[in-house]
Structures are given as structure tokens and as C-alpha cells.
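Me: I should like to learn how to read the features of a protein model, beginning with single residues and moving on to helices. Please give the general idea where there is one, and then the case at hand.

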Amino acid sequence: MVKSKFSEPSLLILISLAEQDRHGYAIMEDIEENYNIKLGPGTLYGAISRLEKAGHIRAVESLERKKPYRLTEEGHAYLTEQIREIQKVTNIGMKRLGIT
């Protein structure tokens, strides 16, 4: 299995969907509110498309016009792995800085 590294927007989208299903605009708002990062529509929907193709998220049925997305089991596993890697790097950096 080949592992691919996703960009920061992709990880932020996965983190947003880990909490609950959201449509594109709600994902953008969540990321801006929590990380003070404003994703443009092109960046957001490009990342969503890549995440869907990778099987990490999927669109869910909705009676409303807006299409919500949901984190898949594969996406949950991938996000967990990525967060653990980030924690490992952070722990080493903190240790070397003498912070821990």
C-alpha cells in the first residue's frame, strides 16, 4: 500500500469531519473559526475531491441542496495515523527545545 501525504487543508477537513458531518461552507467556517485559516472554494473543493477519491470521506444523502460529507472508517484510521505522526514530531521538537 502506497501512503500519500495530504496537504494541510486536507488534514484540517478531516479534523472538521471527525466531529460531525458538514457541507463545504460549514467546513470552511469551522476551519476559519478554529485555526484562523481561510480556505478558498478552489482549495476546499479540490481537497474534498482528493479525499473522496482516496476513500477518506464520502458525500451523504441530504434533503437539502447542500451536500454534507462524512469521514469514512478509512479516513478515521488515516487521520489517527497522521495525528500520531504530528504528535511524535512535536514531542521531539519540544524535548529538543527543553520545553518538556
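Me: Is arginine 22 buried or exposed?

Reply: Arginine 22 counts as buried, because its relative accessibility is 10% and the limit for buried is under 20%. Please bear in mind that this is a predicted model.

Me: With which residue does arginine 22 meet in a salt bridge at 2.4 Å, N to O?

Reply: The partner at that distance is glutamate 19, the contact being made between the two side chains. Glutamate 19 counts as exposed, because its relative accessibility is 60%. Arginine 22 also forms a salt bridge with aspartate 30, where the closest N and O atoms are 3.7 Å apart. Aspartate 30, at 13% relative accessibility, counts as buried. Glu19, Arg22 and Asp30 are thus linked in a network of salt bridges.

Me: How many salt bridges does the count come to?

Reply: The count comes to four. Among them is the pair of lysine 38 and glutamate 32, whose side chains meet at 3.8 Å, N to O. Lysine 38 is exposed, with a relative accessible area of 67%, whereas glutamate 32 counts as partly exposed at 35%.

Me: How should one describe two packed helices?

Reply: In general, the description rests on the angle between the axes and the distance between them. Here α1 and helix α3, residues 41-54, pack at an angle of about 75°, and their axes are 9 Å apart. That angle makes α1 roughly perpendicular to α3, because the range for this label is 65 to 115 degrees.

Me: Which residues of α1 and α3 meet?

Reply: From α1 the residues are Pro9, Ser10, Ile13 and Leu14, and they meet Thr43, Leu44, Ala47, Ile48, Arg50 and Leu51 of α3. By class, this contact of α1 with α3 holds seven nonpolar residues, two polar and one charged.

Me: What does the span of helix α4 show?

Reply: Helix α4 covers residues 73-97, 25 residues in total. The distance from its first C-alpha to its last is 36 Å, close to the 36 Å expected at 1.5 Å a residue. Glycine 98 follows α4, and its phi is positive, near 75°.

Me: Which residues of α4 are buried, and what do they pack against?

Reply: The buried residues are Gly75, Tyr78, Leu79 and Gln82. They pack against α1 (8-19) and β3 (68-71).

Me: What does glycine 75 touch, leaving aside residues up to four places away in sequence?

Reply: Glycine 75 touches Gly55 and His56. This glycine lies in helix α4 and counts as buried, its relative accessibility being 0%. Its C-alpha atom is separated by 9.5 Å from that of glutamate 52, although the two residues are 23 apart along the chain.

Me: Which sign of phi do most residues other than glycine have?

Reply: In general, the phi of most residues other than glycine is negative. Asparagine 36 departs from this in the present model: its phi is positive, about 55°, although the residue is not a glycine.

Me: Where does asparagine 36 lie, and is asparagine 36 buried or exposed?

Reply: Asparagine 36 lies in the loop between α2 (24-35) and α3. The residue is exposed, because its relative accessible area is 68% and the limit for exposed is over 50%.

Terms used. Residues numbered from 1 in each chain as written. Predicted model: local features only at pLDDT ≥ 70, side-chain atom pairs only at ≥ 80, totals over all residues. Heavy atoms only, no water. Helix = DSSP H or I, 4+ residues; strand = E, 2+ residues; numbered from the N terminus. Expected span 1.5 Å × (residues − 1). Buried < 20%, exposed > 50% of the residue type's maximum accessible area, 1.4 Å probe, protein only. Contact = heavy atoms within 4.5 Å. Axes fitted to C-alpha atoms, helices over the stretch in contact; angles between N-to-C directions. Parallel < 35°, antiparallel > 145°, perpendicular 65-115°, else oblique. Nonpolar A, V, L, I, M, F, W, Y, C, P; charged D, E, K, R; others polar.
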